[in-house]
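Trainee: I would like to go through this model with you step by step, beginning with its overall layout and ending with single residues. Could we put it on the screen before we start?

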Amino acid sequence: MFRRIDATNRGILFAAPFALLALCAVGLGVYWLSGSTPHSWVLVITVIVSVIICGPFRMQVGHVAGLPPVGVAIIMLAIQPTNESPQYSVCIWAIGRVISELILRRNILQALYLAGVSTAGAFVFVAIHASLEARGVWSIVSFLAAVAAFGVIVFICSVAALLGIFRLSRFEPAMVFRT
C-alpha cells in the first residue's frame, strides 16, 4: 500500500519539521473535534471530504518538472466550519489534506511533508486573511493576498527542492512534487 521511504538524510532533516507540523495540526484538529461540539458536524465533514476530493485536481504551472502544481484545495479555507478561531479551521482542513496526500503519494514522508508545507501556508493564509478583514479590506482583496502568501510559502519550499538542497528519494532528482 505504501512505498518504502527512501530519503536522504538531508531530505529527512528538511521534511521532518513540515511532517511534524502536519501531524500536530491533525492531532490538534482531532483533539478539538473530540473535546468540543462544532455548530455543524455536516460542515466539518464536508470540509474534510472536499479537501480530500480536491486533492487530485492540480494543474502544472511552467515547464520545469517539480514546480508545485496549482490546486483548488486552498479554497476550502474560505469555509469556516466552526465559530471558534480560524486556526481551528486550518487544523480541520489539515486532516483532509493529510488523508488526500497519503492517498495520492503512498509515501508517508512525502505525504506528510507536502501536507506540512500546505498547512504552514494555510496558517499564513488564515492569518493574512483575518488581519486584512479586521482592517476593513475588501474580502476579495484579502483572499487574493492570502492566496499569494500561501503560494509564496509553497514556492519557496519547491525551489529548495529543485535546487537540490534536499531530496526525499535517493533514486529521483530533487522533485518533491512528482507523483
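Mentor: Before the order of elements can be read, one convention is needed: helices, of at least four residues, and strands, of at least two, are DSSP runs numbered from the N terminus. Please also keep in mind that this is a predicted model.

Trainee: With that convention, in what order do the elements of the chain run from the N terminus on?

Mentor: The secondary structure of the chain comes to five helices and two strands. Written out from the N terminus, with α for a helix and β for a strand, the order is α-α-β-β-α-α-α.

Trainee: Among contacts between residues at least 6 apart in sequence, what percentage join residues at least 24 apart?

Mentor: As background, the chain has 179 residues, of which 44% count as buried. For the contacts you ask about, those joining residues at least 24 apart in sequence come to 70%.

Trainee: Are helix 3 and helix 4 roughly parallel or roughly antiparallel to each other?

Mentor: Helix 3 covers residues 86-105 and helix 4 covers residues 108-134, and the two pack with their axes 9 Å apart at an angle of about 155°. Since angles over 145 degrees are counted in that class, the two helices are roughly antiparallel.

Trainee: Which residue class, nonpolar, polar or charged, has 15 residues in the contact of helix 3 with helix 4?

Mentor: The crossing of these two helices is right-handed. Helix 3 brings residues including V90, W93, A94 and L102 to the contact, and helix 4 brings residues including L112, A115, A122 and F123. Sorted by class, the contact has three charged residues and four polar ones, while the class with 15 residues is nonpolar.

Trainee: Turning to helix 2 and helix 3, how do they lie, roughly parallel or roughly antiparallel?

Mentor: Their axes are 7 Å apart and the packing angle is about 30°. Because angles under 35 degrees count in the corresponding class, helix 2 and helix 3 are roughly parallel.

Trainee: And how many nonpolar residues does the contact of helix 2 with helix 3 have?

Mentor: This crossing is right-handed, and the contact is made by V44, V47, I48, V51 and I52 of helix 2 together with residues of helix 3, among them I92, W93, I99 and I103. By class, one residue in this contact is charged and two are polar, and the number of nonpolar residues is 10.

Trainee: Which element gives the most residues to the largest nonpolar core?

Mentor: That core has 37 residues, and L77, I92, W93, Y113 and F125 are the ones that touch the most other members. The elements giving two or more residues to this core are helix 1, helix 2, helix 3, helix 4 and helix 5. With nine residues, the element that gives the most is helix 4.

Trainee: Is I74 buried or exposed?

Mentor: I74 lies in the loop between strand 2 and helix 3. Leaving aside neighbours within four places in sequence, I74 is in contact with W93, F125 and F150, and F125, by the same exclusion, is in contact with I74, L77, F143, A146, V147 and F150. The relative accessibility of I74 is 9%, and because the cut-off is under 20%, I74 counts as buried.

Trainee: What distance separates the C-alpha atoms of I74 and V147?

Mentor: Along the chain these two residues are 73 residues apart. In space, the separation of their C-alpha atoms is 7.8 Å.

Trainee: Which residues does W32 touch, not counting those up to four places away in sequence?

Mentor: W32 has its place in helix 1, residues 9-35, and is partly exposed at a relative accessible area of 28%. The C-alpha atoms of W32 and I92 are separated by 9.1 Å, although the two are 60 residues apart along the chain. With the exclusion you state, the residues that W32 touches are Q87, Y88 and C91.

Trainee: P17 is another residue I picked out; how far apart are the C-alpha atoms of P17 and Y113?

Mentor: P17 also sits in helix 1, and at 49% relative accessibility P17 counts as partly exposed. P17 and Y113 are 96 residues apart along the chain, and the separation of their C-alpha atoms is 8.1 Å.

Methods
Residues are numbered from 1 along each chain as its sequence is written. This is a predicted model: local features need pLDDT of at least 70, side-chain atom pairs count only at pLDDT 80 or more; totals for chains, interfaces and linings use all residues. Side-chain values use heavy atoms; hydrogens and water are left out. Axes are lines fitted to C-alpha atoms, for helices over the stretch in contact, and angles run from 0 to 180 degrees between N-to-C directions. Angles under 35 degrees count as roughly parallel, over 145 as roughly antiparallel, 65 to 115 as roughly perpendicular and the rest as oblique. A crossing is left-handed if the near helix is turned anticlockwise from the far one by less than a right angle, and right-handed if clockwise. Contact means heavy atoms within 4.5 Å. Ala, Val, Leu, Ile, Met, Phe, Trp, Tyr, Cys and Pro count as nonpolar, Asp, Glu, Lys and Arg as charged, and the others, Gly among them, as polar. Buried means under 20% relative accessible area, exposed over 50%, partly exposed in between (1.4 Å probe, protein chains only). A nonpolar core is a set of buried Ala, Val, Leu, Ile, Met, Phe, Trp, Tyr and Cys residues joined through side-chain atoms within 4.5 Å.
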